[in-house]
Amino acid sequence: MSLSESTTNLASRLTALAQRLGLSGRVARMVFERSRTLQLPFQPLPATADSIWWLAGPPLQRLVNLPRDALSGPVQEDKAEARAVLMRVVEQEQLSFSNFDLRRIDGLCSPPPETGGMFSTFEEFAATQTCRSVRIISYKDFLKTISTALPRFLAGEPIELCQASWYGERLFWASEQYGEPFACAIAYARLRGLEVNLPAQLTRYRLSQYGLAELKQHYHVLAMPVQAWSDPAFMGLLLDNHLPYARLSLLRNPGAPEFLLLPKASAEANALGEGLRLAGAPDVIAHLEQLHKRTAG
């Protein structure tokens with residue numbers, strides 16, 4: 001087969017794909033053809049790490065109470081509709097325990113130390129240089145250390161915990177302070193077989209199968225690199241054709257991708273979504289569906 005024949009066959013297949021996807025309008029076809037050839041530094045979405053740090057994974061729990069100004073875009077109605085659908089992707093459940101064994105906790109919501117470290121247990125973290133200043137060699141030391149993290153420990157004040165399906169069964173202490181003494185105290189209690197029980201309030205988050213299906217029905221959700229918003233070719237397709245869209249800055253880390261939501265009800269926005277996927281933009285919904293299947297199983 002000659003190069004010209006190969007090119008013709010490829011063009012025919014892309015045309016058939018465009019027709020199948022409903023991208024047969026002139027503007028939609030143009031958007032599709034141009035977007036699929038965009039050269040942007042797309043990066044795959046990271047897998048959720050097996051870590052004691054709550055902040056090491058995607059902060060999907062923020063979708064539950066997504067602020068009204070969390071999304072940006074040219075049309076208020078588009079942002080409001082996207083926000084309403086996104087808020088149904090994650091479900092929240094509150095549980096109460098009258099007598100919870102703190103030794104079951106193996107995660108922290110406090111910021112990781114500057115030295116980093118993707119530790120999978122409190123024992124690993126307690127053995128690091130960061131925790132060397134926390135010295136526990138007796139029960140008295142244990143009480144002093146855990147009371148540093150939980151000043152009302154001896155009074156039996158309830159502890160706040162959180163759990164997310166994308167982290168599996170791992171339980172996290174909800175406080176954003178005193179991660180080192182808490183981790184060291186729990187590791188010591190497990191080592192010595194100490195019973196450490198308190199009342200507890202648990203907030204449990206999980207991905208919703210129905211919320212994901214609704215999002216997939218109505219939107220393309222793509223992870224766009226920060227460079228995309230200064231790329232003339234991409235921004236020209238987005239703005240010159242007056243496409244409806246919404247942007248969501250969800251991930252915390254500097255340089256992390258933003259999520260671009262393109263409504264499938266718009267032929268041109270749908271064309272841009274299909275073209276960007278062919279260009280290499282990671283499909284956020286597919287990533288979340290895989291995560292849901294893994295954790296639901």
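Here is a quick tour of the fold, one helix pair, and a handful of residues worth a look. The model is predicted. Its protein chain has 10 helices and eight strands, and 44% of the 297 residues are buried.

**The chain overall**

- If you take contacts between residues at least 6 apart in sequence, 80% of them link residues at least 24 apart.
- The chain exposes about 15800 Å², with carbon and sulfur atoms supplying 49% of that area.

**Helix H8 and what follows it**

- H8 covers residues 232–240, and its buried residues are Phe 234, Met 235, Gly 236, Leu 237 and Leu 238.
- Those buried residues pack against two helices, H2 (26–35) and H9 (267–279), and two strands, E6 (219–224) and E8 (258–263).
- At the start of H8, Asp 231 puts a side-chain oxygen within 3.2 Å of the backbone nitrogen of Ala 233.
- Just past the helix comes His 242, with a positive phi of about 55°.
- His 242 sits in the loop between H8 and strand E7 (246–248). With a relative accessible area of 72%, His 242 is over the 50% cut-off and so counts as exposed.

**H2 against H9**

- The two H8 partners H2 and H9 also meet each other: their axes come within 7 Å and cross at roughly 20°. That angle is under 35 degrees, so H2 is roughly parallel to H9.
- The crossing of H2 past H9 is right-handed.
- On the H2 side, the residues involved are Val 27, Ala 28, Val 31, Phe 32 and Ser 35. Their counterparts in H9 include Ala 267, Ala 271, Leu 272, Gly 275 and Leu 276, along with Glu 268 and Glu 274.

**Buried polar residues**

- Gln 163 belongs to strand E3 (residues 159–164). Its relative accessibility is 7%, so Gln 163 counts as buried.
- Trp 54 is 109 residues from Gln 163 in sequence, yet their C-alpha atoms are 9.1 Å apart. Setting aside neighbours within four places, Gln 163 contacts Trp 54 as well as Gly 168, Glu 169, Arg 170 and Leu 171, plus Leu 202, Thr 203, Arg 204 and Tyr 205.
- Asp 106 is in the loop running between strand E2 (90–101) and helix H4 (122–126). Even in a loop, Asp 106 is buried, at 15% relative accessible area.
- A polar side-chain atom of Asp 106 lies 3.0 Å from the backbone nitrogen of Phe 122. Beyond four places in sequence, Asp 106 also touches residues including Ile 52, Ser 120, Thr 121, Arg 170, Leu 171 and Arg 190.
- Arg 170 and Leu 171 turn up in the contacts of Gln 163 and in those of Asp 106.
- Thr 145, in helix H5 (residues 139–149), has a relative accessible area of 8% and is buried. Outside its neighbours within four places, Thr 145 is in contact with Val 134, Arg 135, Ile 136, Pro 181 and Ala 185.

**Positive phi**

- Most residues other than glycine have a negative phi, which is the reason to flag the next two.
- Tyr 178 isn't a glycine, but its phi is positive, at about 60°. Look for Tyr 178 in the loop between strand E4 (172–173) and helix H6 (179–192), where it is partly exposed at 42% relative accessible area.
- His 242, from the H8 section, is the other: it too is a residue other than glycine, and its phi is near 55°.

Notes
Residues are numbered from 1 along each chain as its sequence is written. This is a predicted model: local features need pLDDT of at least 70, side-chain atom pairs count only at pLDDT 80 or more; totals for chains, interfaces and linings use all residues. Side-chain values use heavy atoms; hydrogens and water are left out. Helices (H or I, at least four residues) and strands (E, at least two) are DSSP runs, numbered from the N terminus. Buried means under 20% relative accessible area, exposed over 50%, partly exposed in between (1.4 Å probe, protein chains only). Contact means heavy atoms within 4.5 Å. Accessible areas come from the Shrake-Rupley method with a 1.4 Å probe; for residues, only the protein chains shown count as cover. A polar contact is a pair of N or O atoms within 3.5 Å; within protein, one must be able to donate a hydrogen and the other to accept it, and residues adjacent in sequence count only if both atoms are side-chain atoms. Axes are lines fitted to C-alpha atoms, for helices over the stretch in contact, and angles run from 0 to 180 degrees between N-to-C directions. Angles under 35 degrees count as roughly parallel, over 145 as roughly antiparallel, 65 to 115 as roughly perpendicular and the rest as oblique. A crossing is left-handed if the near helix is turned anticlockwise from the far one by less than a right angle, and right-handed if clockwise.
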